[in-house]
Amino acid sequence: MSKRKLLQLVQENIVNGWDDPRMPTISGLRRRGYTSASIRKFCENIGVAKRENIIDYSLLEFCLRDDLNKTAPRVMAVLDPVKVVITNYPEGKEELLDAENNQEDESAGFRKVPFSKEFYIEREDFLEVAPAKFFRLSIGNEVRLKNAYIIKGKSVVKDAEGNITEIHVTYDEDSRSGSGSEASKRKVAGTLHWVSIQHAVEVEVRLYDRLFIDEAPDSHKEKSFLDFINPNSLSIIKGFVEPSLATAVSGDKFQFQRLGYFNVDKDSTPSKLVFNKTVGLKDAWEEKGKKDSNSINNALKEINKYFKVATREERIAIRKAIGETLAEISNYSLLQNSFKKNINNNKSSLLFANLILKYAPLKSSDYDKEDLSKLYLMSLRSESSFVRSRAVLNLYHLEYENEFVNLFKDEILKLEANPPKSSSEREKEFIEQLLNKL
């Protein structure tokens, strides 16, 4: 992306200066928590090419994870806390537990982490009634607390709106990690991170995500790169960290166990620590991309059923399910490619392309007019009444200029004058509605 466009981001206050952690600048990467070693490794991996290339951002994040995994101390932090009380733990008792700083670095040693009767866990780590494959805390099920004890969910306390405010558990006194007892060697399904409430340090956490939702936002001639700004690229929350971080200073990097890599921002003060999320433990964008691609493929399989079911109710259910799937996909390039790929003489493909137009979160103007014209001509000439009907409905309901819709008036008039054998009464009604509109 050119410096001119980066300047536009700064001048229009889309970002907070050149060193905003979302910016692809050296100062931005440094503030985000990127290491010089990870950037050098990235440059070595991509090499030098004579022609312009688009390199997946995931490669840069991979290089960073690989470096931080070796060097960043592991600590515990809770970003969406819910209170847990151990009902059979002695009142006023405190313990200092041994916690490994980095299992990838033997020289990193251990630290002491305080443990007490009340602590925080992540809200998503508890379900009152859990499904079979939920390996975290629930009523009647056991989990291990990292470096601590095995606990078992017993009951919950809720507020007037039904929200859980406290989780009551019991603990196995003999199950302390590293104690060597039989109970400590007992295997349970899940391990949770936690922070003792009495000793927790409250911090501000800035959760950064990619600034754009498209891999090449300035490569679409018909769109402004600003159209691809990620509205969720920054969220600021309150969290709690273990007391060993109280003395952390700007630039210090940590792995918040089970959450990702974070570093101390320059806005931190002795009385208020501010952490930036550098990168997650896994590539969430790659996972989402795979999920979206799988959703597209599964929707295409459902399209085939559309032509086989016997009743209109069944077809409506299939169309609704496909519509809900398409509506959740925000990957502009994936939707565009899927749309173009399905402009062919196969009736399932044509119907799917028409459903993309109807349900996907793109505007009519986002599609190439030549592609649209080709799709509508092929759809109106299709042997399938379902395909023809969907094309007519799209032309009637979607936001097209009359000039564009009129391009297909002759085809529509042919359908009205000489209905194909497969034509249904509903299709004839749709054609009449569209011609009245024209």
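How many of the five residues of strand S6 (residues 118-122) are buried? Four of the five are buried, so S6 is largely enclosed by the rest of the structure. This statement, like those that follow, concerns a predicted model.

The surroundings of S6 can be described through the sheet that contains it. Seven strands form this open sheet, in the order S12-S9-S10-S11-S3-S6-S13, and their pairing is mixed. The edges are taken by S12 and by strand S13 (195-196); each has a single partner strand, so one side of each is left without a neighbour in the sheet. On one flank of S6 lies strand S3 (residues 81-86), which pairs with S6 in the antiparallel sense over five bridges. Within this pairing, Lys83 has Tyr120 of S6 as its bridge partner. On the other flank, S6 pairs with S13, again in the antiparallel sense, over two bridges. Tyr120 takes part here too, with Val195 of S13 as its bridge partner. Tyr120 is thus bridged to Lys83 and to Val195.

Elsewhere in the order of this sheet, strand S10 (residues 150-158) and S11 run antiparallel and are joined by seven bridges. In that pairing, Val156 is matched with Ile167 of S11. The chain between strand S11 (164-171) and strand S12 (191-192) is a loop, and Ser175 is placed in it. Is this loop residue, Ser175, buried or exposed? Its relative accessible area is 0%, and because the threshold for burial is under 20%, Ser175 counts as buried. Leaving aside neighbours within four places in sequence, the residues in contact with Ser175 are Arg144, Ala148, Tyr149, Ile150, Ala183 and Ser184.

A further open sheet also has seven strands, with the order S1-S16-S17-S18-S14-S15-S2 and mixed pairing. Strand S1 (74-75) and strand S2 (77-78) stand at its edges, and since each has a single partner strand, one side of each is left without a neighbour in the sheet. The partner of S1 in the order is S16, and these two strands pair in the parallel sense over two bridges. One of the residues involved is Val75, whose bridge partner in S16 is Phe256. Helix H4 (residues 57-71) packs on this sheet, where it touches S1, S16, strand S17 (260-264) and strand S18 (274-279). The direction of H4 makes about 120 degrees with that of S18.

Strand S16 (residues 253-256) also holds Gln255. This residue is buried, with a relative accessible area of 9%. What does the side chain of Gln255 make a polar contact with? The partner is the side chain of Tyr261, at 3.1 Å. Not counting residues up to four places away in sequence, Gln255 touches Ala72, Pro73, Arg74, Val75, Gly260, Tyr261 and Leu281. Among these is Val75, the residue bridged to Phe256 in S16.

The next part of the description concerns helices. Helix H6 (residues 312-327) packs against helix H8 (residues 347-359) at an angle of about 60 degrees, and their axes are 9 Å apart. H6 and H8 are therefore oblique to each other, and their crossing is right-handed. The residues that meet are Arg319, Ile322, Gly323, Leu326 and Ala327 from H6, and Phe352, Leu355, Ile356 and Tyr359 from H8.

H8 also has helix H10 (residues 385-397) as a neighbour: their axes come within 9 Å and cross at roughly 20 degrees. That angle makes H8 roughly parallel to H10, and H8 passes H10 in a left-handed crossing. From H8, Lys347, Leu350, Leu351, Asn354, Leu355, Leu357 and Lys358 meet Phe386, Val387, Arg390, Ala391 and Asn394 of H10. Leu355 of H8 accordingly appears in the contacts with H6 and in those with H10.

Helix H7 (residues 332-341) completes the account with Ser333, which is placed in it. At 16% relative accessibility, Ser333 counts as buried. Apart from neighbours within four places in sequence, Ser333 is in contact with Asp214 and His220. How far apart in space are Ser333 and Pro217? From C-alpha to C-alpha they are 9.7 Å apart, with their positions 116 residues apart in sequence.

Definitions and conventions: Residues numbered from 1 in each chain as written. Predicted model: local features only at pLDDT ≥ 70, side-chain atom pairs only at ≥ 80, totals over all residues. Heavy atoms only, no water. Buried < 20%, exposed > 50% of the residue type's maximum accessible area, 1.4 Å probe, protein only. Polar contact = N/O pair within 3.5 Å; in protein donor to acceptor, adjacent residues only side chain to side chain. Contact = heavy atoms within 4.5 Å. Pairing = 2+ DSSP bridges. Axes fitted to C-alpha atoms, helices over the stretch in contact; angles between N-to-C directions. Parallel < 35°, antiparallel > 145°, perpendicular 65-115°, else oblique. Left-handed = near helix turned anticlockwise from the far one by under 90°.
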